[in-house]
Amino acid sequence: MGQVYDKALEFKRRHPGGVVWNLKDHCNVVEKHLNPGEYVKFAFGGQKNEKFYEFFTTCVVVLTNKRILIAQKRVLPGYRINSITPDLFNDFQVYRGWIFGRVDIDTVKEVVQLSNLDPKSLVEIETNLSEYLLKMKPDMVCEVKKSEN
């Protein structure tokens with residue numbers, strides 16, 4: 001299979017408590033939209049909604065060396081893909097519930113809510129998002145250090 005599916009399946013095997021289905025189709029959507037020279041650093045599946053009881057908005061989230069991609073292959077023909085470039089990525093928050101976890105990615109235009117995640121996976125997701133944010137936006141880190149001095 002492709003690099004996206006391999007990473008997403010590896011994550012799903014490590015953290016089987018999350019709700020994600022149709023993973024292969026979601027990953028195929030991302031594979032179509034990868035640009036030349038773009039490669040996958042981290043991938044995981046979840047639900048693109050804020051409500052834990054909605055199971056029909058499953059998606060795959062992929063961190064590449066250039067951007068964040070969120071892809072959903074619909075049951076009916078068609079798909080949806082969101083691309084978050086580093087200049088639009090502001091911040092994120094991680095919530096841990098009793099059964100599921102949630103990650104909110106704050107962008108300039110909207111807040112992308114990813115729910116029904118395995119609570120044990122939240123540390124790994126947070127670590128990868130933090131490293132991505134620090135690597136892709138080093139100018140923000142320099143500005144913070146300058147303001148502290």
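**View A. Strands E5 and E6 pair in this predicted model.** The two strands run antiparallel, and 7 bridges join them. Together, E5 and E6 form a hairpin. Between the strands lie 4 residues. Aspartate 91 faces a partner across the pair: aspartate 106 in E6 stands opposite.

**View B. The largest nonpolar core holds 21 residues.** Six of them touch the most other members: Phe44, Ile68, Phe89, Ile105, Ile125 and Leu129. Several elements give two or more residues to this core. They are strands E1 (40-47), E2 (58-64), E3 (68-73), E5 (89-96), E6 (101-107) and E7 (111-117), along with helix H3 (122-136). H3 gives the most, with 5 residues.

**View C. Phenylalanine 89 and its contacts.** Neighbours within four places in sequence are left aside here. Phenylalanine 89 is then in contact with Ile68, Ile84, Ile105, Asp106, Leu129, Tyr132, Leu133 and Lys137.

**View D. A second core is separate from the largest one.** This second core has 16 residues. Among them are Tyr5, Cys27, Val29 and Val62.

**View E. Helix H2 spans residues 23-33.** Which residues of H2 are buried? They are Leu23, His26, Cys27, Val29 and Val30. Seen down the axis of H2, these buried residues fall within an arc of 150°, so they line one face of the helix. What covers them? The cover includes helix H1 (3-14), E2, E3 and strand E4 (79-84).

Methods: Residues numbered from 1 in each chain as written. Predicted model: local features only at pLDDT ≥ 70, side-chain atom pairs only at ≥ 80, totals over all residues. Heavy atoms only, no water. Core = buried A, V, L, I, M, F, W, Y, C linked by side-chain atoms within 4.5 Å. Buried < 20%, exposed > 50% of the residue type's maximum accessible area, 1.4 Å probe, protein only. Contact = heavy atoms within 4.5 Å. Pairing = 2+ DSSP bridges. Arc of directions from axis to C-beta.
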